[in-house]
Amino acid sequence: MQWLAHGFHGEMKYMATHGTRRARPAELVPGTVSVITARMDYLPRGTPLDDWQAVEFDRLSRPGEAIVSVYARGRDYHKVMRARLARLAERIAEEVGPFGHRAFTDSAPVLEAELASRSGQGWRGKHTLVLDRSAGSMFFLGEIYVDMALPESEPVTAHCGSCSACIDVCPTKAIVAPYRLDARRCISYLTIEHGGPIPLELRPMMGNRIYGCDDCQLICPWNKFAKKSALPDFDAREGLTGQSLAALFAWSEEEFLRFTEGSPIRRIGHERWLRNIAVALGNALRAGESGAAEALATRASDPSELVREHVAWALAQRPETPNAS
Ligand code: SF4
Ligand code: SF4
């Protein structure tokens with residue numbers, strides 16, 4: 001409630017509208033007595049586990065390359081997790097008989113990270129995500145609200161200690177204090193949840209991140225223990241990793257819809273996609289990336305005012321050439 005009172009949720013009004021239903025499971029699903037929490041590792045199967053954090057950080061040094069957050073490179077986790085939770089509930093019903101239940105994954109007013117940490121899936125890191133000593137933080141969370149009393153699992157102890165790497169690395173200083181995130185400054189929020197123009201002062205800090213941001217997780221020492229998914233669903237799709245900003249900026253709306261079919265990226269729509277890439281191209285232009293200005297010029301007269309404004313901002317990032325005289 002304090003976090004909401006500070007306005008840290010930005011435009012995510014749905015976080016405020018449900019009041020205590022978010023914190024009290026039985027108010028959301030009457031009859032709920034226990035909550036089964038689950039987590040599912042999501043690093044794509046092809047991830048080089050020895051140095052995957054360095055491989056991902058390296059992308060930041062190539063300003064013409066588009067960075068999509070690791071979790072969003074494959075199939076939409078909502079679909080995968082929900083289907084697996086439904087199967088888990090069926091398996092439990094085979095053992096104990098029919099029972100009332102409802103499964104969630106990032107889809108309803110549920111305090112997922114808090115439920116996960118209280119039930120021992122990990123502790124809340126200073127970046128506010130849940131992490132565990134055996135798996136880092138590269139996993140999705142899911143819950144099944146059930147109408148039967150189950151024995152409680154214990155929380156695990158926290159192991160952030162004196163580390164503050166996630167706070168220090170955050171490019172927009174969105175982690176305003178340990179365990180406190182101002183979503184309005186977070187690149188994940190700005191590129192996915194936020195609908196309008198991206199605040200001018202934050203655009204240069206976004207670098208080449210066009211959908212989400214992983215920096216506070218990449219720097220976390222516990223993520224050297226992050227695990228690959230056992231499923232092919234989260235394998236990186238062709239054309240989304242290591243792709244050039246210019247190539248993704250050239251996608252028509254029809255191509256955007258086709259290439260993001262079944263992907264979480266589709267939810268933001270083509271206009272926000274172009275807005276995000278325009279910012280990244282502006283940052284690439286400032287860094288001297290060849291081809292950035294040409295790519296931007298192709299959408300200088302885009303029908304969307306939002307896109308046109310971001311393209312104009314981006315083109316103005318061209319470094320000044322020294323006066324020949
Ligand atoms: S996701 Fe990126 S912008 Fe958001 S808190 Fe983490 S490092 Fe900062
Ligand atoms: S980077 Fe450090 S402070 Fe942040 S979550 Fe990881 S261990 Fe905790």
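## The largest cavity

In this predicted model, the largest cavity is lined by residues from two stretches of numbering. Glu56, Leu60, Ile67 and Arg73 are among the lining residues. Arg209, Cys213, Asp214, Asp215 and Leu218 also belong to the lining. Sorted by class, this lining has five charged and four nonpolar residues, and no polar ones.

How much space lies in the largest cavity? About 60 Å³. A search of the whole structure finds one cavity of 30 Å³ or more. Rolling a probe the size of a water molecule over the atoms reveals where empty space is left.

## Around ligand 2

Which residues surround ligand 2? Cysteines are part of the answer: Cys160, Cys163, Cys166 and Cys220 are in the shell. Gly125, Lys126 and His127 are there too. Ala165, Pro221 and Trp222 complete the list.

By class, the shell around ligand 2 has seven nonpolar residues, two polar residues and one charged residue.

## Two residues with positive phi

Lys173 is not a glycine, yet its phi is positive, at about 55°. Lys173 sits in the loop between helix 7 (165-169) and strand 7 (175-177). Is Lys173 buried, partly exposed or exposed? Its relative accessibility is 46%, so Lys173 counts as partly exposed.

Tyr179 also has a positive phi without being a glycine; here the value is about 70°. Tyr179 lies in the loop between strand 7 and strand 8 (180-181). Tyr179 counts as partly exposed because its relative accessibility is 46%.

Definitions and conventions:
Residues numbered from 1 in each chain as written. Chains lettered and ligands numbered in written order. Predicted model: local features only at pLDDT ≥ 70, side-chain atom pairs only at ≥ 80, totals over all residues. Heavy atoms only, no water. Near = heavy atom within 4 Å. Nonpolar A, V, L, I, M, F, W, Y, C, P; charged D, E, K, R; others polar. Helix = DSSP H or I, 4+ residues; strand = E, 2+ residues; numbered from the N terminus. Buried < 20%, exposed > 50% of the residue type's maximum accessible area, 1.4 Å probe, protein only. 1 Å grid on protein atoms, 1.4 Å probe; cavity = no way out; pocket = protein on both sides within 12 Å on 5 of 7 lines; lining within 4 Å. Points joined across faces, edges and corners; volume = space filled by probe spheres on them.
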